[in-house]
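User: I am new to this structure and would like a close look at a single part of it, set against the chain as a whole. Please take me through it carefully.

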Amino acid sequence: MTASDLFPPLEPFESGRLNVTPRHSLYWEQSGNLQGRPVVFLHGGPGAGASADHRRFFDPRSYRIVILDQRGAGRSTPLGDIEDNTTPALIADLEALRAHLGIDRWQVFGGSWGSTLALAYAQAHPERVTALVLRGIFLCRDSEIDWFLYGMRTLFPEVWRRFADFLPEAERGDLLANYQRRLVDPDPAVHLPAARAWSTYEGACSTLLPSPETVAAFGQDRMALGLARIEAHYFLNKVFLPKNALLERVGRLKDIPAVIVQGRYDCVCPIVTADELHAAWPEADYQVIPDAGHSAMEPGIRRALVAATERFKVLP
């Protein structure tokens, strides 16, 4: 995707794999300026993986841009693997990667699930975070998971109907458990159609205006399997965090410069969650984009995210 308000496309100057368990191997890459301000990009999902465009939120002359695919996502292996895949494990992975790359402190940038992981990581290791750029806030509470599974039909009834009707009528009362049962089935003929149905549902609800390109990207096998299987796994397990933990621990972040960017019409992660986070964390700069949905590639959200990284690249 080309966008004039992002920085030009660039290639990594280094990439590698970090073996964090005997089972999980994480893909990571660095681009931009090795001597620049370190920033780590946290993708959404969980399970969606990162893409080349994600490098473009950062000035490559000023930033040392670190991108990784989280456990089971994107180019990390095994794809879609939910064994030993928890939020505390992902936090530990970030610390392992930071140490592996010899970085003392870094800026953390994350949207959607990436905002969840960024908050959890910064609350666990505030001394390692220079700044936070967050988009499309998701705090993983029961109300938010229920909204994703059932509430989005309020605004996307035909899209939700396709999502729900993938399952037999008798199973639609518990979409999460009955999707999960298919998603973990070892037979690709079972798990891949379920993954595509789940993932394209999310993709179709992610933009303010219809975006066939977004839906097509969400329907690709690698993206769909990583996103759907790992997302359902985290939802079922209450994202492996104590109830309300991210709000209750937000005081740990008050000294970290932060920007929260939220689309007014975000239907995947509704604005009420970002509003509640900001009420608990007034020190953060809270920006509501009036003509945007959920996707980081919405024009107004893109511009706000780039403005935030431009602002933070000159922090002392």
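Analyst: Of the 316 residues in the protein chain, 60% are buried, where buried means under 20% relative accessible area with a 1.4 Å probe and only protein chains counted. This is a predicted model, in which local features need pLDDT of at least 70 and side-chain atom pairs count only at pLDDT 80 or more, while totals for chains, interfaces and linings use all residues. Residues are numbered from 1 along each chain as its sequence is written, and side-chain values use heavy atoms, with hydrogens and water left out.

The part to look at closely is helix 2, which covers residues 113–124; helices here are DSSP runs of H or I with at least four residues, strands are runs of E with at least two, and both are numbered from the N terminus. Eleven of the twelve residues of helix 2 are buried, so the helix is largely enclosed by the rest of the structure. Among these buried residues are Trp-113, Leu-117, Leu-119 and Tyr-121, and Gly-114, Ser-115 and Gln-123 are also included. The end C-alpha atoms of helix 2 lie 17 Å apart, which agrees with the 16 Å that its twelve residues should span at 1.5 Å a residue, the expected span being 1.5 Å times one less than the number of residues.

Around this helix, the secondary structure of the protein chain comes to eleven helices and eight strands. The C-alpha trace of the chain spans about 60 × 45 × 40 Å along its principal axes.

How values were computed
Buried < 20%, exposed > 50% of the residue type's maximum accessible area, 1.4 Å probe, protein only.
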